[in-house]
Amino acid sequence: MNLPALCIATRRIYTSTINNQVIRRSRLRVVDNSEIGRKAMLEGKPPYIFHIYNKVGVGYIGDRVLVAIKGEKKKGIIVGLKQYQKPKVPKFDTNNIVLIDDTGSPLGTRIHVPIPHILRTILKEKTHSKGADYTKLIAIASRFI
């Protein structure tokens with residue numbers, strides 16, 4: 001029994017590389033208890049990324065991003081990703097963000113989800129004496145994975 005050539009030609013297998021980042025227009029879940037983040041999540045309008053502060057243009061855990069939330073621009077730190085991760089970095093069910101101000105201080109006072117332990121070393125490297133101070137974000141996290 002011969003199959004038509006059309007049937008064989010349409011059966012192609014495509015593979016792509018594994019992504020462990022977020023890109024522009026990716027939707028995120030706010031995991032701190034900031035007022036603006038809580039209202040946006042209750043209304044069902046989660047924030048989305050429209051700028052990533054690095055040269056590559058894709059966001060990984062610990063990267064600073066600019067998000068649009070309830071018609072405003074806010075900065076945030078990515079604390080959890082849905083995509084596959086490097087070894088010993090946990091994979092989350094959602095893409096998570098903690099909102100921060102310009103100095104690096106979190107807008108909320110508590111983080112509701114556990115954050116990866118590797119984030120502690122990533123944020124210590126990014127903290128500068130004259131720049132943003134991310135140690136407060138680590139201090140309000142109650143659980144680490």
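This passage walks through the fold of one chain, then its sheet, its salt bridges and one glycine.

The model is a predicted one. Its chain adds up to 4 helices and 5 strands. Read from the N terminus on, the elements go α-β-α-β-β-β-β-α-α. Of the chain's 145 residues, 39% count as buried. As for the outside, the chain exposes about 9,500 Å², and 54% of that area is supplied by carbon and sulfur atoms. Contacts tell us something about how the chain folds back on itself: taking those between residues at least 6 apart in sequence, 55% join residues at least 24 apart.

Now for the sheet. The 5 strands make up an open sheet with mixed pairing, and their order across it is E1-E5-E4-E3-E2. Strand E1 (29-30) and strand E2 (48-52) are found at the edges. Each of these two has a single partner strand, so one side of each is left without a neighbour in the sheet. In general, the strands of a sheet pair through backbone hydrogen bonds, and they can do so either parallel or antiparallel. In the case of E1 and strand E5 (residues 96-100), the two run parallel and are joined by 2 bridges. Looking at this pairing residue by residue, Arg29 stands opposite Asn96 in E5.

Next come the charged side chains. Side chains of opposite charge can pair when their charged atoms come close. The structure holds 5 salt bridges, and a few of them are worth a look one by one. In one of them, Glu35 pairs with Arg38, with 2.6 Å between the closest N and O atoms. Why are these two about one helical turn apart? They are 3 residues apart in helix H2 (residues 35-43), and that spacing separates them by about one turn. Glu35 counts as partly exposed because its relative accessibility is 45%, and Arg38 also counts as partly exposed, at 40%.

Glu35 has another salt bridge, this one with Lys39, where the closest N and O atoms are 4.0 Å apart. Lys39 and Glu35 both sit in helix H2 and are 4 residues apart, which is about one turn of the helix. Lys39 is partly exposed, since its relative accessible area is 40%. Put together, Glu35, Arg38 and Lys39 are linked in a network of salt bridges.

A further salt bridge brings in helix H2 again, but with a partner from elsewhere in the chain. Here Lys70 pairs with Glu43, and the closest N and O atoms are 3.0 Å apart. This pair links distant parts of the chain, as Glu43 belongs to helix H2 while Lys70 lies in the loop between strand E3 (64-69) and strand E4 (72-80), 27 residues apart. Are these two residues buried or partly exposed? Lys70 counts as partly exposed, at 39% relative accessibility, and Glu43 counts as partly exposed too, at 46%.

Last up is a glycine. Gly104 is placed in the loop between E5 and helix H3 (118-126). With a relative accessible area of 0%, Gly104 is buried, because buried means under 20% relative accessible area. Gly104 also offers a case of residues apart in sequence: Thr127 is 23 residues from Gly104 along the chain, and the two C-alpha atoms are 9.0 Å apart in space.

Conventions: Residues are numbered from 1 along each chain as its sequence is written. This is a predicted model: local features need pLDDT of at least 70, side-chain atom pairs count only at pLDDT 80 or more; totals for chains, interfaces and linings use all residues. Side-chain values use heavy atoms; hydrogens and water are left out. A salt bridge is a side-chain nitrogen of Lys or Arg within 4 Å of a carboxyl oxygen of Asp or Glu. Buried means under 20% relative accessible area, exposed over 50%, partly exposed in between (1.4 Å probe, protein chains only). Two strands pair if DSSP finds at least two bridges between them. Contact means heavy atoms within 4.5 Å. Accessible areas come from the Shrake-Rupley method with a 1.4 Å probe; for residues, only the protein chains shown count as cover.
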